[in-house]
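Work through the following exercises with the sequence and the structure in view. Try each task before you read its solution.

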Amino acid sequence: APELHRVDNRWYIYTAADNGYNENHRLQVLASSTPLGRYIYQGQLTTPGDFWSIDPSPLLLPQGRLFLFWSGWPGTTSGVQNIYVAAMSNPWTISGGSTELSTPTFPWERHPQPGQPPVYVNESPEPIIHESTISVSYSASGCSTPYYTLGLLSAPLGSNLLNASSWTKATTPI
């Protein structure tokens, strides 16, 4: 699920890749001076703990602070995918630790893939600023089920995005 973003007058492709083994999914970044130009591989965008991670999406705040949202495992084994946020020192480097914003707790977030061990999913976070609110939509439940749905996190613009208590999680899907 690659994403194309413009940050500080450069274009970046954010994606995830592995070496053929799912447990090795990690975030990757490519950069270019033009959206259709030649992209240069910037390297792995290492998350705190260097655990399995997918669906990176950056957010540049009006005052210039940059954050990354992604879905990942809280450890080294599958079973749950959470939504995380971390500050970035540049478009390809996370600085400091991460904050867990959402874990699948509601029944509508916990529908497993058919015929597979349960994996409870919050993935594909997409942040957007509208007026004085930062909203992050995300997908929940197994993507191959009829229960795959969207959830919503929100925080006031200007709040500490790395403080989990700044965020409100909708109790029903949107």
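Strands are DSSP runs of E with at least two residues, helices are DSSP runs of H or I with at least four residues, and both are numbered from the N terminus. The structure is a predicted model, in which local features need pLDDT of at least 70 and side-chain atom pairs count only at pLDDT 80 or more, while totals for chains, interfaces and linings use all residues. Residues are numbered from 1 along each chain as its sequence is written, and side-chain values use heavy atoms, with hydrogens and water left out.

**Exercise 1.** Describe the secondary structure of the chain and its overall dimensions.

Solution. Begin by counting the elements: the chain has zero helices and 12 strands, and along the sequence the pattern reads β-β-β-β-β-β-β-β-β-β-β-β. Next, take the radius of gyration (over C-alpha atoms), which is 16 Å; the globule rule (2.2 Å times the number of residues to the power 0.38) also gives 16 Å for 174 residues, so the chain is as compact as a globular protein of that length. Finally, the C-alpha atoms fill a box of roughly 45 × 40 × 30 Å along the principal axes.

**Exercise 2.** Compare the surroundings of Asn9 and Ser141, two residues other than glycine with a positive phi.

Solution. First find each residue: Asn9 lies in the loop between β1 (3-7) and β2 (10-17), whereas Ser141 is in the loop between β10 (133-140) and β11 (149-156). Then read the angles, since phi is near 65° for Asn9 and about 75° for Ser141. Last, apply the accessibility classes (buried is under 20% relative accessible area, exposed is over 50%, and partly exposed is in between, with a 1.4 Å probe and protein chains only). Asn9 counts as exposed because its relative accessibility is 57%, and Ser141 counts as buried because its value is 0%.

**Exercise 3.** Identify the residues and strands that build the largest nonpolar core.

Solution. Recall that a nonpolar core is a set of buried Ala, Val, Leu, Ile, Met, Phe, Trp, Tyr and Cys residues joined through side-chain atoms within 4.5 Å. The largest such core has 17 residues, and those with the most contacts inside it are Phe67, Phe69, Leu101, Leu153, Leu161 and Trp167. At least two residues come from each of β6 (66-72), β7 (80-90), β10 and β11, with the largest share, four residues, supplied by β10. A second, separate core of 14 residues includes Tyr12, Val29, Trp70 and Tyr84.

**Exercise 4.** Explain how His25 and Trp52 are placed, and which polar contacts their side chains make.

Solution. Locate them first: His25 is in the loop between β2 and β3 (26-32), and Trp52 is in the loop between β4 (40-44) and β5 (53-60). His25 counts as buried because its relative accessibility is 17%, and Trp52 is likewise buried, at 6%. Then look for contacts (heavy atoms within 4.5 Å): leaving aside neighbours within four places in sequence, Trp52 touches residues including His25, Ser71 and Trp73. Lastly, consider polar contacts, which are pairs of N or O atoms within 3.5 Å; within protein, one must be able to donate a hydrogen and the other to accept it, and residues adjacent in sequence count only if both atoms are side-chain atoms. The side chains of His25 and Asp18 are joined by such a contact of 2.8 Å, and a polar atom of the side chain of Trp52 lies 2.8 Å from the backbone oxygen of Asn22.
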